[in-house]
There are 2 protein chains.
Amino acid sequence: MRDLVVGVDAGGTRTRVLVASRRGDVLGRSDGGPGNPTAHGVPAALESVSTAIVKALGDADPGRVARVLVAVAGISGPGGPALADALIERLAGYGFRCPVQLRADIAAAYAGGTDADEGYVLVAGTGAVAGEVKAGELTRFVDGNGWLLGDDGGGFWIGRQAVRAVLAALDGSGEPTALVDQLARAWAIAPSRDAVLAAAYAEPPVHLSGLAPLVVAAHDHGDPVASRIVASAAEALTRALAALAPRPGRPLVLAGGVLTGDSPVAARVVEVVDARWSLAPLPARDTAAGAAWLALSQMTPTPPAGTHARLIDT
Amino acid sequence: MRDLVVGVDAGGTRTRVLVASRRGDVLGRSDGGPGNPTAHGVPAALESVSTAIVKALGDADPGRVARVLVAVAGISGPGGPALADALIERLAGYGFRCPVQLRADIAAAYAGGTDADEGYVLVAGTGAVAGEVKAGELTRFVDGNGWLLGDDGGGFWIGRQAVRAVLAALDGSGEPTALVDQLARAWAIAPSRDAVLAAAYAEPPVHLSGLAPLVVAAHDHGDPVASRIVASAAEALTRALAALAPRPGRPLVLAGGVLTGDSPVAARVVEVVDARWSLAPLPARDTAAGAAWLALSQMTPTPPAGTHARLIDT
């Protein structure tokens, strides 16, 4: 009997997998390496995702799995379908006999926060994207254009603003900020323009997203420059949401490292969405659980009452 | 007798060399491949620069050269000194017996526009930087922080804004713009979000600077989105200049592809610098000639009258 579903959050930093029964009881979980095929290549993503799935399944028979649903960013690029094909083949070798589906990570992030048919989702991890869900489907999204061209208000964007603020403080074109010393400490470099530039360009651009927590900490300690970055990140995120012309009263799921936990960016966003659109903000709990929910709701139009709550609460 | 100087503009796109007499008569010129050691690596830059120098010198005896001065961006990085060392060795092999010096490209760009002891220079090519010259020396500069972190208002920055505007038009978060079709034509792709993202990320980021001329053309044809990009580029460039707190009445040399020729960005900048600081804008003529002038003025505190004019006018 095929009584299990597997939800996968194949993220740029790590992969998370959740195995659940058809009524939403969580039977297994695992973490794995980076699973995004666009950022890390299909072979590396395949390795992370398949290893994590097998680990989460534990001793259960792979033949029991009715569906695997993988949530991934950049699904419209060539990496998505290539990962799906490779994953079907790899899992078949392990004894899986079920469909393997890919869905946009924001659809799963939404489902990880709510089972409401209509609503909105704002994801700000390394990148940033706003999406609209109707009748359970992601119908539209804004931004998510990647570090070079967009993702305004996401972790990379915040980190980049932090380095810009540090350089402006160092060349006198901007205000002094505690970020100068904090960046120098974090990167173990001298607080000089040359050292900052050398270190910033020495790594792939996306590593700047590692500075986002410094900005939050400096904001919490009252640094006005950091506070302006926090405010402009929240402004950029609400701008993406505004482009979706949100309908009042709908849920808004907040997902990604920048918008979860004790986040000043989220606090600002919540203020704005409440005042402008009366949206009901909800934290995303678990994108892998959201992926499992999408798998379940595709198999059964109306899963048993309490299924969603069981999935995301555990 | 060592009666010649060699000025080199080792740029990111090409290398230009000028050979002059001590009184500023131009005796030879040449063009070569990319000469920036940071962007292209020391071996490639060495090849471009040394080949172009030998070509410009023609039949003249290398022993006649009193000084070689190479203007290069990113001089404070490790690429600069490494290029100088390699070049000394390579040129010695060709029979040169003279100092080889490196100077910041903006110092040479300034000298290619004026021999005034004090003034300002604004360079916007692929990158962007503002500099202050006092007593013939570059004393301070603002920005020039590269494509990832700054160069606001430069060619890459303009191209990036163009792609952002195209994506915003396509996802409905921004206004329609003629740039959508022009970008699609220039890149030979469909005018869709997926195609634009795939093409934009397929090449090294700096290739976006190739779109700057499209923005200027769309502005000239009255596209309001392109005009806003032109205006914000000019605003970013004047902001860098403002951070130098310019002293009224000094010359301002405008250099680089974005600010020379029939440039709407330059027209805006000229309006602002005239109104705010009464600066006297001058076009940069020739950075290689500026490099030769720096070489000459180091050898002779007061070169013969008319030397600078002879160098830059020919």
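Which side chain meets that of A:Glu118 in a salt bridge? The partner is A:Arg247, with 3.5 Å from N to O. This briefing concerns a predicted model, and it looks at selected salt bridges in chain A before turning to the way in which chains A and B are related. Over all chains, the structure holds 30 salt bridges, and side chains of opposite charge can pair in this way when their charged atoms come close.

**The pair A:Glu118 and A:Arg247**

- This salt bridge links distant parts of the chain, since its two residues are 129 residues apart.
- A:Glu118 sits in the loop between helix H4 (105-111) and strand S6 (119-124) of chain A, whereas A:Arg247 sits in the loop between helix H9 (224-242) and strand S9 (251-255) of chain A.
- A:Glu118 has a relative accessible area of 28% and is partly exposed, and A:Arg247, with a relative accessible area of 39%, is partly exposed as well.

**The pair A:Arg90 and A:Glu47**

- A:Arg90 and A:Glu47 form a salt bridge in which the closest N and O atoms are 3.3 Å apart.
- Because A:Arg90 belongs to helix H3 (residues 79-93) of chain A and A:Glu47 to helix H2 (residues 42-57) of chain A, the pair ties together parts that are 43 residues apart in sequence.
- A:Arg90 counts as partly exposed at 25% relative accessibility, and A:Glu47 is partly exposed with a relative accessible area of 41%.

**The pair A:Asp194 and A:Arg193**

- The side chains of A:Asp194 and A:Arg193 also meet in a salt bridge, with a distance of 3.7 Å from N to O.
- A:Arg193 counts as buried because its relative accessibility of 17% falls under the 20% cut-off, whereas A:Asp194, with a relative accessible area of 36%, is partly exposed.

**A network of salt bridges**

- Salt bridges can also be joined into a network, and in chain A such a network links A:Arg14, A:Arg16 and A:Asp31.

**How chains A and B are related**

- In general, two copies of a chain are related by a rotation about an axis and a shift along it.
- Here, chain B is superposed on chain A by a rotation of 180° with 0.0 Å of shift along its axis, and the RMSD is 0.1 Å, which means that the two chains have the relation of a two-fold axis.
- The residue of chain B that comes closest to the rotation axis is B:Leu148, whose C-alpha lies at 4.2 Å.
- The same surface serves both copies, as 100% of the contact residues of chain B recur in chain A.

Note on methods: Residues are numbered from 1 along each chain as its sequence is written. Chains are lettered from A and ligands numbered from 1 in the order in which they are written. This is a predicted model: local features need pLDDT of at least 70, side-chain atom pairs count only at pLDDT 80 or more; totals for chains, interfaces and linings use all residues. Side-chain values use heavy atoms; hydrogens and water are left out. A salt bridge is a side-chain nitrogen of Lys or Arg within 4 Å of a carboxyl oxygen of Asp or Glu. Helices (H or I, at least four residues) and strands (E, at least two) are DSSP runs, numbered from the N terminus. Buried means under 20% relative accessible area, exposed over 50%, partly exposed in between (1.4 Å probe, protein chains only). Copies are superposed by least squares on the C-alpha atoms of residues with pLDDT of at least 70 in both. Contact means heavy atoms within 4.5 Å.
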